[in-house]
Amino acid sequence: MKKTINVTVNGVTHQNEIEPRMLLVQYIRDVLNLTGTHVGCETSLCGACTVMVDGQAVKSCTVLAAQADGSTVTTIEGLAQGGELHPVQAGFWEHHGLQCGYCTPGMIMAAAQILQRNPDPTDEEIRHGLEGNLCRCTGYQNIVQAVQCAAKKMKSKSVAR
Amino acid sequence: MGLTMAEKTVGKPIKRTEDPRLIQGLAHYVDDIRLPDMLHAAFLRSIHAHARIKKIDVTAALKLPGVVAVYTGKDTQKIGAVPCGAAIPDMKTPEHKVLATNKVYFVGHPVAVVVAETKFAARDAVDLIDVDYEVLPVVTDEEKAADPKSPVIHEQFGTNIAYKLTAGEGDVDAGMKAADKIIKQKILNKRLAPIAMEPRGVVARYFPGEQELTLWTSTQIPHLCRTSVAVMLGMPENKLRLITPEVGGGFGSKLNVYAEEAILGWAAMQAGRPVKWIEGRRENLQATIHGRGQVGYVEIGCKNDGTITALRYNVFADMGSYFQLLTPAIPTLTGLMLSGCYKIPAIQMNVVATFTNKMSTDAYRGAGRPEATYVIERAADLVAAELGKDPVEVRRKNFPQPNEFPFKTATGLFYDSGNYQGALDKALKMADYTKLREEQKKARKEGRLMGIGISTYVEICALGPSSAMPAGGWESATVRIEPTGKVTILTGASPHGQGEETSFAQIAADELGVSVNDSTVIHGDTAVVQYGIGTFGSRGLAVGGVAVYMALQKLKTKAGKLAAHMLGVDAGTVKFADGKFTSPAALSKQVTIQEVALSAHLAKSLPEDMEPGLSASSFYEPKNFTFPFGTHIAVVEIDRETGDLHFDRYIAVDDCGKQINPMLVHGQVHGGICQSFGQALFEEVVYDENGQLVTGTLMDYALPKAAMLPHFQLDSTETPSPVNPLGAKGVGEAGTIGATPAIVSAVVDALSPFGIRHIDMPIKPETVWQIIRKNSAGAA
């Protein structure tokens, strides 16, 4: 029995018939063809599939697509605005916060959430905030630097406003 | 204002050109490839570690709507064996068929494959396949496997011993006799899982008209994989195009040729439609190679002044149940590096390599060398403990001096260049070592458990001279300047996160006087890129980058000749700087490299005997390996109540020769140290006595997380390699090799007041807590 869902992803509203067992990450990747969100473990441990659902960072491999019915979703593809990188994206680039790039979209989404909740985090707070996201390449240190850099960028932006 | 010199990019932390696509989710990994009419494959894998297959019933699976085909071992007999590229004298090589036929040998062993319209249907059908197994006795311990009373895995051999090997030079018995002290220690390097964040995956498409098979696969070795899969499928190699799109990490696990790669190609040919398979994490833990897996016994002889006289390492090396590409070769790398950065007159390694009912071991970051470094560094610490000396003193005592390079070891190597004192001194200064030791004394008086661990390491990189490599150790590059002046670099060293698109473009930028963004680096498509070897063994830059440099020299030579022709001067008078050719013979004139490129393509006026176009290739063969080195220092404080380990400081001074992009170098070192923390404190692939994989998901296999690691304090020294013109040594594995012993050493040092001299990895708080409890006053 298929189910119809309405989901707004990166500002575009979609209506699709889906299998009830379809995961949100499968919906995003296979139905909407937004392949920036990755699958790394299928057990909600690695965080590669992290997206924002109604402003909350969630692991989309542990949410059914049906549960996202009526929700607003932001994926990595929707983070940059008007051709300008999100400060977290820019921070990752400047501080070499990625190597193979596979964990990066989820890592960036999780980092963006950390800064939403705490615009001025300590290194330790960033490290704890990223506990749900695994990276095998970077040793996390440059990711921490990247998030600090993003925090600074966001602060100077909000001051400018 | 006068003309400014074009700014050099080599040696600068240039931001990566590959990042914009990666940080915006716009890159393409294998799972991101979608083809029209694509089918999906799923594997049925053995739930037993050792069993005879009596019957497989696929009837119900075939009836499931959406299922196109189900294949078992009987159907895939024509596919050739999974290759092993390593050869050890008298080794026993079991035939490694792509699907189990008569027996299964490990949990995760592929038994059948379903091809279906959707991945849901494929997975559902896997559950409907009925296999009748006769369960057999199991052997999982690499040491017990050598016991003739243990169950034999490959019956045709009558033994689980895959090979025995003795390596090393010098008279070890005499060295032990001459020693004042002989210290013995059992040393474990447990099995680890590489866990690239992107699991393996394959998409296969066959065009029957062209008879062309295209495989997209997540691999570190596109060309070697193409050759191997073509042989397995019995098809002409030039009809197989292999493409590695973005690769989400490898760490050696994708330096291989896997059964699934051949099966997918074959299945696409059967179906006449594209087929995709993406490995799940559970499959990844079961059926992607593991690393390490050594039970060793080290014996070290020393004089009372700390001079090492001899080293013996007897080791049981766990092969798993089959050989993958390099399985039997890994322990030989351990043997090569047992001398560490010390003068040891006699070294002997005795390997007993055994088959066990587990997944194959193979190259995981460091591949045999972390094991060696761990053994010799632990042994150096044991010498210090036995003699009551500072571990730094023992190391200094045995270092070769900088003027002794090239330095010959008793393992048959010539270390190219080194200044081990230099790196050690720098690290000690960063740590303020004398003060640290005073702090430690004070801490001990207060009843606190503080430890300082030191590792001075050397590693073997830039793998390697072809004579020492199973399938050639050279690397290829082609550099073209297109008619519009843009530079195209084709490299055979297909990367998976190393940043070669940036570092290779930096080399081209400086050589050609163009900007980094003027070059595009293409890799990983065998239809586009000339044959190459791949990225592993810390060779991307130190072999692949050197090939780019060599090709650039050839290209510049041709461009210079054409420039002279354009300037109307003798070729010998032409100078090239900042992208422009000038000559004292024509002072008012200059031509840019871009103008030369256009002229070469238009070919209206070329020097006699010059062919049109501006392109050059190099197949660079390294004369020797390179030997980067360094010193790592870890400082730990242990919570007496819980056994928790708090690493307050971590200092690393690495010397990888000339650095092209120090930001990328730091990134490699950070990642390597992190994986060392994993091995030292958290990670361990665990099979139970029945051969069941206990660490089958990331819930059970503990990877280091951000909050589990200290801030790494990095610096470097620079001792250029004389082996190649870039002077680069390689850095991909340094962290994984140098850090593990430092971390363990720190914990052991903290617990040394209890008489502790060694603790096996992974050192968990529980182990530490037990040690503290046993040794504390008033303990029951």
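How many of the 19 residues of α9(B) are buried? The answer is 16, so mostly covered is a fair description of α9(B), given that a residue counts as buried with 20 or more other C-beta atoms within 10 Å. Keep in mind that this is a predicted model.

**Helix α9 of chain B and its partner**

Helix α9(B) runs over residues 369-387, and its end C-alpha atoms sit 27 Å apart. That agrees with expectation, because 19 residues at 1.5 Å a residue should span 27 Å. Just past the helix comes Gly388(B), with a positive phi of about 65 degrees.

What does α9(B) cross at roughly 35 degrees? It is helix α17(B), residues 734-751, and the two axes come within 8 Å. The crossing is right-handed. On the α9(B) side, the residues that meet α17(B) are Arg369(B), Pro370(B), Thr373(B), Tyr374(B), Glu377(B), Arg378(B) and Asp381(B). Facing them from α17(B) are Thr736(B), Ile737(B), Gly738(B), Thr740(B), Pro741(B), Ser745(B) and Val748(B).

**A second helix pair**

Chain B offers another packed pair in α5 (residues 222-233) and α6 (residues 259-271), whose axes are 10 Å apart at an angle of about 55 degrees. With that angle, α5(B) and α6(B) are oblique to each other. Their crossing is right-handed. From α5(B), the contact uses Cys225(B), Val229(B), Met232(B) and Leu233(B), while α6(B) brings Glu261(B), Ala262(B), Gly265(B) and Trp266(B).

**Chain B as a whole**

Stepping back, chain B holds 18 helices and 28 strands. Its radius of gyration is 28 Å, close to the 28 Å that the globule rule gives for 780 residues, so chain B is as compact as a globular protein of that length. Along the principal axes, the C-alpha atoms of chain B fill a box of roughly 90 × 75 × 50 Å. Buried residues account for 58% of the 780 residues. Of the contacts in chain B with a separation of 6 or more, 80% join residues 24 or more positions apart.

**Where chain B touches chain A**

Here 41 residues of chain B are in contact with 44 residues of chain A. Two elements of chain B, α1 (19-23) and α16 (662-682), give two or more residues to that side. Which of the elements gives the most? That would be α16(B), with six residues.

**Backbone oddities**

Now for some unusual backbone spots in loops. Two cis peptide bonds turn up in chain B, and the table sets them side by side.

| Cis peptide bond | Omega | Loop holding the second residue |
|---|---|---|
| Phe405(B) to Pro406(B) | near 0 degrees | between α10 (391-398) and β16 (407-408) of chain B |
| Leu463(B) to Gly464(B) | near -20 degrees | between β18 (449-458) and β19 (475-481) of chain B |

There are also positive phi values at residues that are not glycine. In chain A, Glu42(A) has a phi of about 65 degrees, and it sits in the loop between α1 (24-31) and β3 (50-53). Glu42(A) is partly exposed, with 18 other C-beta atoms within 10 Å. In chain B, Asp90(B) takes a phi of about 60 degrees in the loop between β3 (67-72) and β4 (103-104).

Is Asp90(B) buried or exposed? With 8 other C-beta atoms within 10 Å, Asp90(B) is exposed.

Note on methods: Residues are numbered from 1 along each chain as its sequence is written. Chains are lettered from A and ligands numbered from 1 in the order in which they are written. This is a predicted model: local features need pLDDT of at least 70, side-chain atom pairs count only at pLDDT 80 or more; totals for chains, interfaces and linings use all residues. Helices (H or I, at least four residues) and strands (E, at least two) are DSSP runs, numbered from the N terminus. The expected span of a helix is 1.5 Å times one less than its number of residues. A residue is buried if 20 or more other C-beta atoms lie within 10 Å of its own, exposed if 12 or fewer, and partly exposed in between; C-beta atoms are placed from the backbone. The radius of gyration is taken over C-alpha atoms; the globule rule is 2.2 Å times the number of residues to the power 0.38. Two residues are in contact if their C-beta atoms, placed from the backbone, lie within 7 Å. Axes are lines fitted to C-alpha atoms, for helices over the stretch in contact, and angles run from 0 to 180 degrees between N-to-C directions. Angles under 35 degrees count as roughly parallel, over 145 as roughly antiparallel, 65 to 115 as roughly perpendicular and the rest as oblique. A crossing is left-handed if the near helix is turned anticlockwise from the far one by less than a right angle, and right-handed if clockwise.
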